[in-house]
Amino acid sequence: MAEIKLTINGQEVRVKNGMTVLQSAQNAGIYIPTLCYAPDLEPYGGCRLCVVEIEKMRGLPTACTTPANEGMIVHTETPAVNQVRRSAVQLLIAEHPMDCLSCVKNQRCDLQQVAAYLGITEREFPRTNREFPVDTSNPFFNLDRNYCILCAQCVRACDEICGVNAIDLSFRGYATKVATFNDGLMIDSNCESCGECVAHCPVAALTPKDARQPTREVETTCPYCGVGCGIYLGMRDGQVITVRGNTESPVNKGHLCVKGRFGVTEFINHPDRLTTPLIRRDGKLVEATWDEALDLVAGRLANYKGDEVARLIWIRCK
Ligand code: SF4
Ligand code: SF4
Ligand code: SF4
């Protein structure tokens, strides 16, 4: 694809034709705050945080929806741009609990990061009295709309990635909220519990029921089915506690189904899981080493030929 050249904050940037202004800035290591942008979702332009000034262009366009053009001159940090960003964040935090210290998303939250970047330390507008009950009906995650910033990443992920459309932004104006069809509980909807919405939520509105954070991650392949999705297993205290999709994996590009995202931790840690081979001795299954088990199997198989032998293979026979 042909390259184009533009200037961002006085820096010459060369990018592939077809990229947006936001992608061009990110490519050049220039930070533009966003809350509704995700690289695996269609541009949305909803949060208005990525507004920029572009010479010879009217107004303040959103960088995520504006294609980069040859010769474009972009400014990402003007007073007008930052005034719009600050107003947008102030409107969000007027409706927000702002209890960061006790929040499960503390230090992993995009709203917190953007507020810090803009130097916002307190509410400018009085706190609104909007209050929603928390939907804890899904077995794997909670939906707490009190933290929701209406970025629609969850809705778009459910539509564009999963094709399920279990949720949408429903109602109008101040009453707008993430809702299932007929505004029922998550568990009564057509949600498949894949957690793609949870993975995309930039704040603490959609969070896994187990909110523990791993101390290290191990790159591997999901063992649940034969598709072979790339994952990172999150470890803590010698246990696997989280699964995260590997965005570099050509198989799944970071996306996972319910079994990979939530089932793996459950079956790996299940007390009934076999962790050593068992050999039947005197009518009882007793634990054995792998060498003992393999020697026994090899010895017995040596007595059979050709189609006298059949193999039973299943994705979790290991
Ligand atoms: S969601 Fe983010 S900004 Fe809101 S309370 Fe939690 S950490 Fe703070
Ligand atoms: S868990 Fe998956 S199917 Fe359910 S709402 Fe979220 S993205 Fe949609
Ligand atoms: S639940 Fe999360 S991802 Fe969905 S609209 Fe609210 S803040 Fe955005």
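**Ligand sites and the largest pocket**

Me: Where does ligand 2 sit?

Reply: Ligand 2 sits in the largest cavity. A cavity is a set of points, on a 1 Å grid over the protein atoms alone, where a 1.4 Å probe fits but cannot get out. "Sits in" means more than half of the molecule's atoms lie within 2 Å of the grid points. This is a predicted model: local features need pLDDT of at least 70, side-chain atom pairs count only at pLDDT 80 or more, and totals for chains, interfaces and linings use all residues. Residues are numbered from 1 along each chain as written, and ligands from 1 in the order written.

Me: Which residues are closest to ligand 2?

Reply: Cys158, Cys191, Cys194, Gly195 and Cys197, out of 14 that surround it (a heavy atom within 4 Å).

Me: And ligand 3, which cavity is that?

Reply: Its space is the second largest cavity. Of 13 surrounding residues, the closest are Cys148, Cys151, Ala152, Cys154 and Cys201.

Me: Switching to pockets. What volume has the largest pocket?

Reply: About 1400 Å³. A pocket is an open set with protein on both sides within 12 Å along at least five of seven lines. Volume is the space filled by probe spheres set on the points, joined across faces, edges and corners. Val198, Ala199, His200, Arg244 and Arg261 are closest to its centre, among 43 lining residues (an atom within 4 Å of a point).

Me: Which strand gives the most to that lining?

Reply: Strand 11, with seven residues. Strands are DSSP E runs of at least two residues, numbered from the N terminus.

Key
Heavy atoms only, no water. Helix = DSSP H or I, 4+ residues; strand = E, 2+ residues; numbered from the N terminus.
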